[in-house]
Amino acid sequence: LAQRFWPAARGGCFLGLLLSTILYCRGRKRMQEGLVDRGASCPTVSAKRSVAAAKTAEFDARGTAEHFYCGVEWNPRTFFDVDIKMFNYLVGAVMLACNVASALALHLETRSVPSYAMSCYTLMMLWFIVEYLYHEHVHTFTYDIFRERTGLKMCWGCWCFYPFFYPIGIWACVDSAVDVSLSSAILIGALFLTGWSLTRGANLQKFYHRTGQAWWLMPKNSTVPGSSRRLLCSGFWGVSRHVNYFGEIIQGLALALPGVLVGNSWLPLLYPLYYILLFVGREQDDDVACAEKYGAAWTKYKRLVPYKIVPAVY
């Protein structure tokens, strides 16, 4: 795979476009039959959808190109009753892991042991992938599931962008004659784990709260008055309104550092930059959706937790 990166990427691009087209055609047909949920978000297993989230104006205002890009259906089940949205994530994660493993194999063709930079990057990215799949159930309560439909953005994103852009930082480590020190690798790993703790901690806190389960790592949850005990304002969610996004940006920065330090290139920094652009836009969209969903309770929450993503900064 490492030696045939671009043909593999083109294959992923083609399959992502093909699946997007199939789902768009299916979605249009089901829309004409009145079988498409046109609400602003889909309900989760733990709660019914709010009145505001059931409004259809956002969906109805979209044209053909936007429907193709964003998707028509929330969670289409087809091809032997497979949940396509969850399957997309699996395809992207497995292909990303294969690309990372192949880059490591190519690296080891010229040396007996991996460099500290390569070891650091590989361990961080494989941890990111395996841990994500292990906590797959937790992600059914995240923005990607209840707010995004299944279209080009998700299908092409998971089949091409996710597995072939995410490892952009590893290529500088493959054949570099320069290496980082062991202490630098440990510090980069510590930075990554800091980001992971924020992301995973916030998502776990929300998951256990929404499902009514106790979580021994956190004190008793506090919620915003008037939010039907759903808007958390304690623990991770009292630090910033999207502290999980901040954690993912930190992880992205840590994954870029090995390539930056040994490759004398700023190219790996495109990875955390992508996260910044993604999450700033997502936070703005989520703010509008939550204002419609929670009303006055969301205004109270913004006063209690004034920072959007980065604590004390933004």
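# Briefing: rings, helix contacts and backbone outliers

Ala 312 is exposed, with a relative accessible area of 60%. This residue lies in the segment after α12 and has a positive phi of about 65 degrees, although it is not a glycine. The model described here is predicted. The points below cover backbone outliers, aromatic rings, the α11/α12 contact and three buried residues.

**Backbone outliers**

- Most residues other than glycine have a negative phi.
- Ala 312 departs from that pattern, with a positive phi of about 65 degrees.
- Asn 264 is likewise not a glycine and has a positive phi, of about 50 degrees.
- The loop between α10 (243–263) and α11 holds Asn 264.
- With a relative accessible area of 75%, Asn 264 is exposed, because the cut-off for that class is over 50%.

**Aromatic rings**

- There are 22 aromatic pairs in the structure.
- One of them joins Tyr 274 to Tyr 275, with 5.4 Å from centre to centre and 40 degrees between the planes.
- That angle makes the pair tilted, because stacked needs planes under 30 degrees apart and edge-to-face over 60.
- Tyr 274 is partly exposed, at 21% relative accessible area, whereas Tyr 275 is buried, at 3%.
- Both tyrosines belong to a cluster linked by ring pairs, whose members are Trp 156, Phe 161, Tyr 162, Phe 165, Tyr 166, Tyr 245, Tyr 271, Tyr 274, Tyr 275 and Phe 279.
- Elsewhere, Trp 74 has the charged end of Arg 149 over its ring, 4.0 Å from the ring centre.

**Contact of α11 with α12**

- Helix α11 spans residues 270–294 and helix α12 spans residues 296–304; their axes come within 6 Å and cross at roughly 125 degrees.
- The two helices are therefore oblique to each other, because the crossing angle falls between the roughly perpendicular range, 65 to 115 degrees, and the roughly antiparallel one, over 145.
- From α11, the residues in the contact are Asp 287, Cys 290, Ala 291 and Tyr 294, and from α12 they are Ala 296, Ala 297, Trp 298 and Lys 302.
- By type, six residues of this contact are nonpolar, two are charged and none is polar.

**Buried residues and their contacts**

- Asp 286 is in helix α11 and is buried, at 9% relative accessible area.
- Beyond its neighbours within four places in sequence, Asp 286 is in contact with Tyr 143 and His 242.
- Arg 147 is 139 residues from Asp 286 along the chain, and the C-alpha atoms of the two are separated by 8.6 Å.
- Ala 202 belongs to helix α9, residues 182–210, and is buried, at 0% relative accessibility.
- Setting aside neighbours within four places in sequence, Ala 202 contacts Ser 197, Phe 236, Trp 237, Val 243 and Asn 244.
- The C-alpha atoms of Ala 202 and Leu 304 are separated by 17 Å, and the two residues are 102 apart along the chain.
- Arg 62 sits in the loop between α2 (57–60) and α3 (64–70).
- The relative accessibility of Arg 62 is 18%, so this residue counts as buried, the cut-off being under 20%.
- The contacts of Arg 62, again leaving aside neighbours within four places in sequence, are His 67, Cys 70, Gly 71 and Arg 149.
- Arg 149 thus appears twice: as a contact of Arg 62, and with its charged end over the ring of Trp 74.

Key. Residues numbered from 1 in each chain as written. Predicted model: local features only at pLDDT ≥ 70, side-chain atom pairs only at ≥ 80, totals over all residues. Heavy atoms only, no water. Phe/Tyr/Trp six-rings, centres within 6.5 Å; stacked < 30°, edge-to-face > 60°. Buried < 20%, exposed > 50% of the residue type's maximum accessible area, 1.4 Å probe, protein only. Lys NZ or Arg CZ within 6 Å of the ring centre and 35° of its normal. Helix = DSSP H or I, 4+ residues; strand = E, 2+ residues; numbered from the N terminus. Contact = heavy atoms within 4.5 Å. Axes fitted to C-alpha atoms, helices over the stretch in contact; angles between N-to-C directions. Parallel < 35°, antiparallel > 145°, perpendicular 65-115°, else oblique. Nonpolar A, V, L, I, M, F, W, Y, C, P; charged D, E, K, R; others polar.
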